Amino acid sequence: MSVSGVPRSVPGVTDTPRRRLVLPGQYGPLFDDGGRTVVVEAREFLTARPVRRTKAHLWLSALRHRVRDLGDRAEHVQVERLRDALVGQHALEVVDPPSRVLRGEVRQHGHDTVVLPSRGFVTDEDDFAAWAADQGGRFVMETHYERVRRREGWLMRHDAPLGGAFSLDAQNRQPPPRGATTLGLPEPWSPTEDEVDEEVRADLDRWERDGLVRFVGRDDRRRFAVTADEAQAALDDFVAVRLGDFGPYEDAVLTNDRTMAHSLLSVPLNLGVLDPRDAIGAALRAHEQGAAPLASVEGFVRQIAGWRDYVWHLYWWLGDDYGSDAGALGARPSAPEPERAGRGPAVGAGRGLPAWWRELDATEVDAVCLTVALDDLRDHGWVHHIQRLMVLGNWALQRGYDPVALTGWFTDVFVDGTDWVMPANVIGMSQHADGGVVATKPYAAGGRYIDRMTDHCGGCRFDPTRRLGPDACPFTAGYWAFLDRAEPELRRNPRMQRPLQQMRAMPDRDRVVAQEAARRMP
């Protein structure tokens, strides 16, 4: 990094300072040391695969707002490919980008570009790698999180965690209030679009019209922060209005309350316009001032300093090949499916993603929980983590969708999806397709869990308590059919012994499996 904001100089040319290359995920002050910048807008970032329209808008809006805010210090370079902005350039430096593809491009085509250590996370990569190596290759998020808390002194009294435990989940994760249709909180802060957004929308419309890009999902007004000032406003609003209810209801779902008490800060964090330490600091101050309960603050800190930080480091620690050959649990060998054309062998990998899933079309879906999640995702590009894990991910796990294709889908259709976020979250945690590297058990559940944590089941034509018959819940029946299929791979997992024993004792096991094999899926 530069010292005291003074840019590095080109070796041997003391009066030629290096220019800071600004790439996706680096659009905030955290990545700026005060010198001249080159902000690269490469259209290939939008054309590698079809992405959702609102995600493209957020990325492009963040980039162009950054150019505007930097003023005379910024050179706005618009190219088709990142390499076009690198080849032939000299006197550049860059904070190490947040994806393998971008890092490869910088190292291959960046000539004498100086690469600085990455930023935007609580723990640096070398520190995590040294710690992980000391664990003998077997570690879990909780040990990483405890280490960070001790090191930083967050929510600690001397050497002991406030509340007596590092995780206060026992006080959180309550079902929604009985009879409530919303949590009764005000609408979350959202930005006001400006002339930059107007220009972005016009360009995206034109590119789509000209066939240069292809989007999925509906366009939506910009609901997420893309500048540092907006991110601060969103953070302040969350801490003042929603943080108190975040912990108790972080796993609850209400049909008519899309955001619940969630922070909506994942987009500005992943765009690089919000420093995670600033977000944590704001929550800690609220607790110190008596404005937020300990359990809620701990849950929020754990999401950022625990899981988010951990997933970032797993992306690099697990290496380039992590998940590349992941197969669905219990996948049956089958002929290649059309969706896999050009993506390697499909035998044993899992089912290709159905067209209705890829296109976010819930018109033929009957299960209310799945319909609500897909509709919200289509309209806004965001649903919270329980809908991602226990509805969308659970459905895909039970039906044996291809984990690699599913990871790409999650990356592309969620506004906060990035190359580093999704592999461990989807392949490891959601689909348990890495043999237990990330999660100790599959995150599979039947309809009773969904009934307890949501208000969806009361208005659904399926009964979460039934596993046979026309009103059998596809999640409940699908859970047992999944266990039947995946039993050979799960029987040595100590955390799966009880459900496997329950399945083996089911008198209607064969009928449930046959029913789900024949169930009409859209």
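Let me start with the loop between α6, residues 141-152, and β9, residues 156-157, because that is where L155 lies in this predicted model. The phi of L155 is near 50°, a positive value in a residue that is not glycine, and L155 is also buried, with a relative accessible area of 7%. As background for anyone new to backbone angles, most residues other than glycine have a negative phi.

A second residue belongs in this part of the talk, namely R173, which sits in the loop between β10, residues 160-161, and α7, residues 195-209. R173 has a positive phi of about 60°, although it is not a glycine. As for its surroundings, R173 counts as partly exposed, at 36% relative accessibility, whereas L155 is buried.

Let me now turn to the cysteines. How many disulfides does the structure hold? The count is 0, and the distances let us follow the reasoning for particular residues. Take C369, whose sulfur has its closest cysteine sulfur in C457, at 6.3 Å, and that is too far for a bond, because a disulfide needs the two sulfur atoms within 2.5 Å. C473 can be read in a similar way, since its closest cysteine sulfur is again in C457, at 6.3 Å, and so too far for a bond.

Where do these two cysteines stand in terms of accessibility, buried or exposed? C369 is buried, with a relative accessible area of 7%, and C473 is buried as well, with a value of 8%.

Note on methods. Residues are numbered from 1 along each chain as its sequence is written. This is a predicted model: local features need pLDDT of at least 70, side-chain atom pairs count only at pLDDT 80 or more; totals for chains, interfaces and linings use all residues. Side-chain values use heavy atoms; hydrogens and water are left out. Buried means under 20% relative accessible area, exposed over 50%, partly exposed in between (1.4 Å probe, protein chains only). Helices (H or I, at least four residues) and strands (E, at least two) are DSSP runs, numbered from the N terminus.
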